[in-house]
Amino acid sequence: MKLNEWINNKFVPSISIPIESENEAPVKSQKSIKLSVITQFFPPDYAATGQLIEELIKQLGQQGVNVEVFTSQPGYAFQSQAAPAVEWVDRIRIQRSRTAQLWSGRIRGKAVNGVLYTLRALLYLFRAWRRNNILLVTTAPPFLPIIGYLAYLLFRLPYVCILYDLYPDIAIALGVVSPNSWLVRLWNEINKQVWLKSQGIVVLSPAMKQKILAHCPEVADKIAVIHSWANPEAIVPIPKKENWFAHEYNLVNKFTVLYSGNMGRCHDIETMLEAAKQLQDEPIQFVCIGGGAKREELIKEVNRLGLENFTFLPYQDKQVLPYSLTACDLSLVSVDSITEGLVVPSKLYSALAAGRPIAVICSQSSYLREMVAEANCGSTFENGDSQGLAQFIRFLSRDLQVGERMGKAGRQYLRSHFTPKVISQQYLRVLQRAISSNEVMPKSQSNVK
């Protein structure tokens, strides 16, 4: 059996479902789009969602969309660095409110901070709605889409929701709230009304679309599945021997497994730890860059076990990412089984751009398995399969050329499907349809029952 065939049979699922690629020409706008984007996280914040939004609006601006952003001061990684209250970047107006950092490491504190930002966003809306003809709201924080709902009721301003995460489903899955509580019933009802009144809903995976349809099948025709993305021009494969980041942290001569991003409650960190325990006596280094609720727990467990094959680093500035993401031989992505279909790991796309093979820890039913198989860029492992993950890491460490081929295939797959230009055109079509549908809708039908 040929080596490639053995790799595919051993490490890649046999079923492959193509990812839909929208390459048709953008819809020509009959009316200029004046877009207001409301999202709590935005650069110089470290949050991946904010950095994605920044790339998206820059692309939309190049396609003739007038954009302004209302966001918060940096607070995702709880840095003290302040950003200008108002600034113009590439003809995009960015306004930042103050940010609260009450109990910053706790779920309740983040919820309170999110509520305070949402209230400030509502005040912004009262001042800014006349300047715009469409609103784009994210689920950062989770209840922010209600701002779009109020904008439509008060000003008949159409809005599109980007659903990064599905709440209250995540809170239920994590055991934060009971599925039968009054809060969950109220939240689900609010979600339904927000979705019904919206002119468009963007989700990041087919699984998320199915979750929404289970709650509210009436919005099927409004939902667009648009994946996250990464910029292959900004993140370019760099050999480790030529990478200053790899030299600085002594990674050049070690096979390096990189986990870069949030180590939160929705991510499977445990399977990675168990694989590292099996590989502790081999020249393999695990590098974890970022923060999150599970980071300190992982550090404590690594210290308790006396493992010396872990390096922990904080979030890196945007200009460092092209070097940190390529200072490895394998990128690791994970989703906890209890939150499958509720969250989407954006780190997958930057890992593809880095041109490194990818190991994904996810459930058997995850759409990520289909993507990895289609891209032929690595392998997937069920939650808890630390032995399989360790075996894959050991295999790649002994044949770097196989990993190099996988990395090149993944990067090419990204360039065909998930670049800022490709994705922004999909968003542009959603915005254009939202404005058009709002203009043709009779006032008597503007309130969906």
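These exercises walk through the predicted model shown above, each with a worked solution.

Residues are numbered from 1 along each chain as its sequence is written, and side-chain values use heavy atoms, with hydrogens and water left out. Because the model is predicted, local features need pLDDT of at least 70 and side-chain atom pairs count only at pLDDT 80 or more, while totals for chains, interfaces and linings use all residues.

**Exercise 1. The chain as a whole**

Task: State how many helices and strands the chain has, and what share of its residues is buried.

Solution:
- Begin with the elements. Helices (H or I, at least four residues) and strands (E, at least two) are DSSP runs, numbered from the N terminus. The chain has 16 helices and 14 strands.
- Next, burial. Buried means under 20% relative accessible area, exposed over 50%, and partly exposed in between, with a 1.4 Å probe and protein chains only. Of the 449 residues in the chain, 55% are buried.
- Then contacts, meaning heavy atoms within 4.5 Å. Take those between residues at least 6 apart in sequence: 75% join residues at least 24 apart.

**Exercise 2. The eight-stranded sheet**

Task: Give the strand order of the open sheet, and find which strands stand at the edges.

Solution:
- Two strands pair if DSSP finds at least two bridges between them.
- The order is β3-β4-β2-β1-β5-β6-β7-β8, and the pairing is mixed.
- β3 and β8 (223-225) each have a single partner strand, so they stand at the edges, with one side of each left without a neighbour in the sheet.
- From one strand to the next, the twist averages 20°.

**Exercise 3. Strand β1 and its partners**

Task: Describe how β1 pairs with β2 and β5, and how the chain crosses from β1 to β2.

Solution:
- Locate the strand. β1 covers residues 34-38, and four of its five residues are buried.
- Take β2 (residues 66-72). It pairs with β1 in the parallel sense over five bridges. Serine 36 stands opposite glutamate 68 in β2.
- Follow the chain. It leaves β1, passes through helix α2 (residues 48-62) and reaches β2 in a right-handed β-α-β crossover. Right-handed means that, with the strands pointing away from the viewer, the path from the first strand over the helix to the second runs clockwise.
- Take β5 (residues 134-138). Four bridges join β5 to β1, again in the parallel sense. Isoleucine 38 has valine 137 of β5 as its bridge partner.
- Place the helix. α2 lies across β1, β2, β4, β5 and β6, at about 175° to β1. Axes are lines fitted to C-alpha atoms, for helices over the stretch in contact, and angles run from 0 to 180 degrees between N-to-C directions.

**Exercise 4. Strands β6 and β7**

Task: Find what joins β6 to β7, and which helix lies across β6 and β7.

Solution:
- β6 and β7 (residues 200-203) run parallel, joined by four bridges.
- Cysteine 161 stands opposite isoleucine 201 in β7.
- Helix α6 (residues 182-197) lies across β6 and β7, at about 130° to β6.

**Exercise 5. A helix pair**

Task: Classify the packing of α13 against α15, and name the residues in contact.

Solution:
- Helix α13 (residues 367-375) packs on helix α15 (residues 400-417) at an angle of about 110°, with the axes 9 Å apart.
- That makes α13 roughly perpendicular to α15. The class covers 65 to 115 degrees; under 35 counts as roughly parallel, over 145 as roughly antiparallel and the rest as oblique.
- α13 contributes Met371, Glu374 and Ala375, and α15 contributes Ala409, Gly410 and Tyr413.
- These residues divide into four nonpolar, one polar and one charged. Ala, Val, Leu, Ile, Met, Phe, Trp, Tyr, Cys and Pro count as nonpolar, Asp, Glu, Lys and Arg as charged, and the others, Gly among them, as polar.

**Exercise 6. Unusual backbone**

Task: Locate two cis peptide bonds and two positive phi values.

Solution:
- Recall the background. Most residues other than glycine have a negative phi, and most peptide bonds are trans.
- The bond from proline 43 to proline 44 is cis, with omega near 15°. Proline 44 sits in the loop between β1 and α2.
- The bond from tyrosine 167 to proline 168 is also cis, with omega near 10°. Proline 168 is in the loop between β6 (159-163) and α5 (169-173).
- Aspartate 90 has a positive phi of about 50°. The loop between β3 (86-89) and β4 (92-97) holds aspartate 90, which is exposed at 56% relative accessibility.
- Arginine 91 has a positive phi of about 65°. Arginine 91 lies in the loop between β3 and β4 and is exposed, at 75% relative accessible area.
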